[in-house]
Amino acid sequence: MTFPEDLRYSKEHEWIRVKDKTITIGITDYAQDQLGEIVFVELPDEGEIFTKDDPFGVVESVKSVSDVYAPVSGRILEVNDPILDNPESVNEEPYGEGWLVRLEMTNPKDLDDLMTAEQYQAYIKEEA
Amino acid sequence: MQTSLFDRHKALGAKVVDFAGWKMPVEYSGIREEHLAVRGSVGLFDVSHMGEIEIRGPGTLGLIQKVTCNDAARLKPGRSHYSALLTPRGTFVDDLIVYRLTEGHFLLCVNASNKDKDFEWIHSYASRGTEVRDASDEWALLALQGPRAREILPSPLKKTEFEKKNLNGIPVLLSCTGYTGEDGYEIFSPWSEARRIWDWLMEIGRPMGLLPCGLGARDSLRIEAGYPLYGHEIDDETTPYEVGLSWIVKLEKGDFLGREALLSATPTKDLVGVSMKEPGIPRQGFRLFDPSGEIGRVTSGTYSPTFQKGVALARVTPPLTNAARDEKNISIDIRGKKREAVLVSLPFYKRGP
């Protein structure tokens, strides 16, 4: 499993790529492995506004359903539509083609609660 | 608790979950791949968590006739049938398979989650002298399911038939039964010998595309095949008439638990199939609507690897007539959004001749 150093991580197993106020969000390699083969993804509409910790989407395997939570507050700028038809890309490239949404962050302080790659790896070790 | 194959599951990289107190493999290579292996070639399941209750001695047939609703007197030795334990209200204590081993010796295969309850239930109706024995820790159970199962184990057995046989030198009951909607076998073996049979079947089957399969695929396969599962479609508030199982109720066989109630029962609900027309996967508890309002709820739902869409078994209350049901357009509430679906007759999947 890989956990790129340039990303931040949430306790709900999302990764976050920060570029100024634009945040890209996906689920981690660990999360996709736990879920198993992903067969369905539900994403919000562009322009929708979410508060930190709100569920904004759903990722489903054959057997299970997982909510995906907004790691920071903000407005949806862009949705990764291609994964709706190819949900397996979330398994195959969780940090690349399998990203979920881009969001305009409203409160940069939200980032303070997120973990580094090293902290996240310690966190999942503890959780397991 | 662990089955005797637990180390095999770990070695194969299975994801393990707790199921009715058992550490069971839920998937190995992936539910979809395992599911499609069973539909297209063959899959091997460890279902040793299932309960086995053996009954023999004087009064055996009478006891089975009393506590189950199907007609066990019609079973010849070497035959099995699907049946149920019913309460006096005609509702399910459990569903089960009844195997007649000899004239006076039966084996009942019951759900793991209900095994202790079932044993107590049957035992409480037994006469002195009739032996009712929980043999669950003596029998391992493997399921070899799929169109190529007979290439691995050639056999003249027809559906529901079983025979005593030696497999790789191990005495087993080889039974032409299953929970997937495919041809194939269930194999009862002595608990400690299951590994030798598992390894042997894996080795013969690999070139044919055999995959080890977990409880995840078992569930998606049985949903496609329209088979009910206790705690989902059937429970102690539901009669066989309310889940399309009137064929297992033999009122003419004489007295049995639940018969009286079923004679005058009016079904208050029915089991239907739901097939999604829009993206989305129906899950247990999701609500079904037609223009008149809520008409029912999902009892089991899944993504169907065979049909590549969401499908579900659902309880409609009150029941719909056949004419009102088939191909009826409905909507299903998926996390607050109404998604289009259609009611279909069960099963979703039926294997070709």
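This tour moves through a predicted model, from chain A to its contact with chain B and then into chain B.

Begin by selecting chain A. Its secondary structure consists of four helices and nine strands, which follow one another along the sequence as β-β-β-α-β-β-β-β-β-α-α-β-α. Aligned on the principal axes, the C-alpha atoms of chain A occupy a box of roughly 35 × 35 × 20 Å. The radius of gyration of chain A is 13 Å, which agrees with the value near 14 Å for a compact globule of 128 residues. Colouring chain A by burial would mark 41% of its 128 residues as buried. Of the contacts in chain A between residues at least 6 apart in sequence, 62% join residues at least 24 apart.

Next, select the contact between the chains, to which chain A gives ten residues and chain B gives 14 residues. On the side of chain B, the elements that supply two or more residues are α2 (31–40), α7 (215–224) and β16 (293–304). Of these, α7(B) provides the largest share, three residues. By type, the residues on this side of chain B comprise five nonpolar, four polar and five charged.

Turn now to chain B as a whole. Its domain assignment gives domain 1 (6–50 + 138–224), domain 2 (51–134) and domain 3 (268–344). The C-alpha centres of domain 2 and domain 3 of chain B are 34 Å apart.

Finally, display the largest nonpolar core, which has 117 residues. Strand β9 (residues 139–145) of chain B contributes the largest share of this core, six residues. Among the residues with the most contacts inside the core are B:Leu142, B:Leu144 and B:Ala314. Centre the view on B:Ala314, whose contacts beyond four places in sequence include B:Val272, B:Val274, B:Leu288 and B:Val298.

Note on methods. Residues are numbered from 1 along each chain as its sequence is written. Chains are lettered from A and ligands numbered from 1 in the order in which they are written. This is a predicted model: local features need pLDDT of at least 70, side-chain atom pairs count only at pLDDT 80 or more; totals for chains, interfaces and linings use all residues. Two residues are in contact if their C-beta atoms, placed from the backbone, lie within 7 Å. Ala, Val, Leu, Ile, Met, Phe, Trp, Tyr, Cys and Pro count as nonpolar, Asp, Glu, Lys and Arg as charged, and the others, Gly among them, as polar. A nonpolar core is a set of buried Ala, Val, Leu, Ile, Met, Phe, Trp, Tyr and Cys residues joined through C-beta atoms within 7 Å. A residue is buried if 20 or more other C-beta atoms lie within 10 Å of its own, exposed if 12 or fewer, and partly exposed in between; C-beta atoms are placed from the backbone. Domain bounds come from an automatic or database domain assignment. The radius of gyration is taken over C-alpha atoms; the globule rule is 2.2 Å times the number of residues to the power 0.38.
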